[in-house]
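Let's take a walk through one protein model together. Have a look at the picture first, then read on.

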Amino acid sequence: VILITTKKGKAGQSMVEYNGQVKFGSPVNKYNVLNAKQFIAQQDLLGNDKSKNGTSDIDWQDEILRNTVSHSHDFSLSGGTEKTTYRASVRLNNDEGSIINTDAKSYNARFNLSQKALNNKATVGLILNMGNSLYNVANTQEIMGVALAMNPTLSVKDANGVYNKQFIGTDPYNPVQQLLETTDKYKRNNFGGTASLKLDLAKNLFLNTNLTLTSSDSERNYYVPRTVGPIGVKANGVGGKRYTESTSKKYDITLNYQGKIDENNSFDLMIGNAYDRNDFSGTQTEGSNFQFDQTLYNNLGAAQTAIKPSSYAGNDKLSSFFGRVNYNAFDRYLVQASFRRDGSSKLQKGNETIFPSFSAGWRVSEEPFMKDKISWVSNLKLRLGYGQSGNQNIPGGQNIETYFVSPSSYSMGG
């Protein structure tokens with residue numbers, strides 16, 4: 001069980017807060033590359049062809065990098081009474097990328113509510129959050145490599161306003177054109193909510209339960225025009241759409257008891273159950289060989305060559321029962337024992353496993369022979385433990401029988 005604490009409202013007067021930031025960025029530590037004069041000298045030394053040289057003297061890093069201005073804004077409203085507290089907040093973020101035509105914009109909203117009831121024996125909580133992110137992305141590693149390999153005598157465009165291209169290997173490149181004319185947008189939406197209940201059932205007996213639902217979807221739309229090398233030139237334009245969505249449903253419930261045997265001996269017991277289900281799916285469609293570029297990825301049916309679409313869907317589940325006991329004697333001798341029984345849909349049916357653990361600790365610094373007698377030691381504890389753990393970090397569906405159909409043969413069970 002993982003507990004995450006978020007900012008909450010406080011009883012008393014309502015409070016409005018604002019926090020804003022503006023950030024300025026500038027490229028530093030650029031690579032030291034040859035200028036036009038040095039480049040030509042190297043061509044002469046190696047006997048290379050200079051017929052395709054231009055008359056410019058540029059550092060292509062300066063053409064694709066830029067100074068940036070980014071900003072973020074946080075607004076919040078909080079307050080409440082002795083029994084009810086609330087907090088609502090919104091965050092807006094706009095980050096410019098140091099490479100031209102790359103950026104990230106996002107907003108996130110959150111609402112927290114806490115309500116006490118039954119003479120303060122029960123506390124009900126509600127957390128809601130939602131967000132949206134939009135990215136203009138690029139293959140920055142490839143782009144930077146291309147910029148470092150470009151001829152410094154070539155200008156970005158010729159006298160007619162047409163992008164100059166340099167062949168690197170057998171492919172034509174112009175990193176500025178790649179960045180400005182390629183469209184690659186990634187969008188993500190997310191929503192989540194958690195409802196919680198804390199209940200004092202009896203003296204030293206507490207019930208805690210949480211129910212969480214989260215969902216997200218993402219969409220990537222991209223198009224490389226027919227004139228943009230190397231991909232667009234080779235494929236005569238290529239575009240596609242990718243869509244994914246996922247939902248997660250979780251609950252956990254724990255029962256805690258804190259007991260005291262006498263003045264020097266105490267213990268606490270905890271038992272619980274947790275369940276986690278994740279559903280996910282995705283689709284992808286792509287096409288190439290377009291007769292025109294104007295519609296970008298919005299008319300993939302115009303592609304003369306359709307790339308086979310793909311899709312997937314699945315889910316995985318994890319159910320757990322767990323317990324723990326802690327014993328404390330004289331605030332010096334500590335013992336803990338716990339167990340956890342997990343069952344995962346990723347593993348073969350009937351493969352539920354119990355994971356035990358045990359530990360013992362000794363607070364040496366609390367012993368009479370040491371406490372308040374050695375000033376340079378404030379806390380010394382020895383601990384010895386043993387336990388077993390497992391993981392389910394494998395793709396779902398690996399534990400079930402699968403069938404494949406080949407266009408050239410058909411075989412089952414053989």
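What follows goes from the overall shape to the strands, the cores and a few charged pairs.

## Ground rules

This is a predicted model, so a bit of care is built in: local features need pLDDT of at least 70, side-chain atom pairs count only at pLDDT 80 or more, and totals for chains, interfaces and linings use all residues. Residues are numbered from 1 along each chain as its sequence is written, and side-chain values use heavy atoms, with hydrogens and water left out.

## The whole chain

Start by picking out the building blocks: the chain has 5 helices and 15 strands. Both kinds are DSSP runs numbered from the N terminus, with helices (H or I) of at least four residues and strands (E) of at least two.

How spread out is the chain? Its radius of gyration is 31 Å, well over the 22 Å that the globule rule gives for 414 residues, so the chain is more spread out than a compact globule. That radius is taken over C-alpha atoms, and the globule rule is 2.2 Å times the number of residues to the power 0.38. Measured out as a box along the principal axes, the C-alpha atoms fill roughly 95 × 70 × 50 Å.Of the 414 residues, 29% are buried; buried means under 20% relative accessible area, exposed over 50%, and partly exposed in between (1.4 Å probe, protein chains only). The accessible surface comes to about 26,500 Å², and 54% of that belongs to carbon and sulfur atoms. These areas come from the Shrake-Rupley method with a 1.4 Å probe, and for residues only the protein chains shown count as cover.

Contacts (heavy atoms within 4.5 Å) often reach far along the sequence. Among those with a separation of 6 or more, 65% are between residues 24 or more positions apart.

## Three strands side by side

Now find strand E5 (residues 122-136). E5 runs antiparallel to strand E4 (residues 103-117), and 15 bridges join the two. On its other listed pairing, E5 is joined by 15 bridges to strand E8 (residues 183-202), again antiparallel. Two strands count as paired if DSSP finds at least two bridges between them.

You can follow a single row across: Phe-111 has Leu-128 in E5 as its bridge partner, and Leu-128 has Gly-193 in E8 as its own. Between E4 and E5 the hairpin has 4 residues, and there Leu-118 takes a positive phi near 55°.

## Nonpolar cores

In soluble globular proteins, nonpolar side chains tend to be buried together. Here, a nonpolar core is a set of buried Ala, Val, Leu, Ile, Met, Phe, Trp, Tyr and Cys residues joined through side-chain atoms within 4.5 Å.

Which residues touch the most other members of the largest core? Out of its 17 residues, they are Trp-60, Ile-64, Leu-65, Val-156, Val-176 and Leu-179. Helix H2 (60-64), helix H3 (140-149) and helix H4 (175-181) are the elements that give two or more residues to this core, and H3 gives the most, with 4 residues. Apart from this core lies another, of 6 residues, including Tyr-297 and Leu-300.

Leu-65 is a good one to click on. Leaving out residues up to four places away in sequence, Leu-65 touches Pro-27, Lys-30, Ser-98, Ile-99, Ile-100 and Met-144.

## Charged pairs

A search of the whole structure turns up 13 salt bridges, each being a side-chain nitrogen of Lys or Arg within 4 Å of a carboxyl oxygen of Asp or Glu. Three of them are set out here.

| Pair | N to O distance |
|---|---|
| Lys-234 and Asp-171 | 3.1 Å |
| Glu-219 and Lys-241 | 3.9 Å |
| Arg-332 and Glu-367 | 3.4 Å |

Take Lys-234 and Asp-171 to begin with. Lys-234 sits in helix H5 (residues 231-235) and Asp-171 in strand E7 (residues 171-173), 63 residues apart. Buried or exposed? Lys-234 counts as exposed because its relative accessibility is 62%, while Asp-171, at 15%, counts as buried.

Next come Glu-219 in strand E9 (residues 205-224) and Lys-241 in strand E10 (residues 238-262), 22 residues apart. Glu-219 is partly exposed, with a relative accessible area of 24%, and Lys-241 is partly exposed too, at 29%.

The pair of Arg-332 and Glu-367 joins two loops. Arg-332 is in the loop between strand E12 (305-329) and strand E13 (333-344), and Glu-367 is in the loop between strand E14 (353-363) and strand E15 (381-387). Arg-332 counts as buried at 17% relative accessibility, and Glu-367 is buried as well, at 7%.

## One last stop

Gln-294 is found in the loop between strand E11 (265-288) and E12. With a relative accessible area of 66%, Gln-294 is exposed. Gln-294 and Pro-225 are 69 residues apart in sequence, yet their C-alpha atoms are 8.8 Å apart in space.
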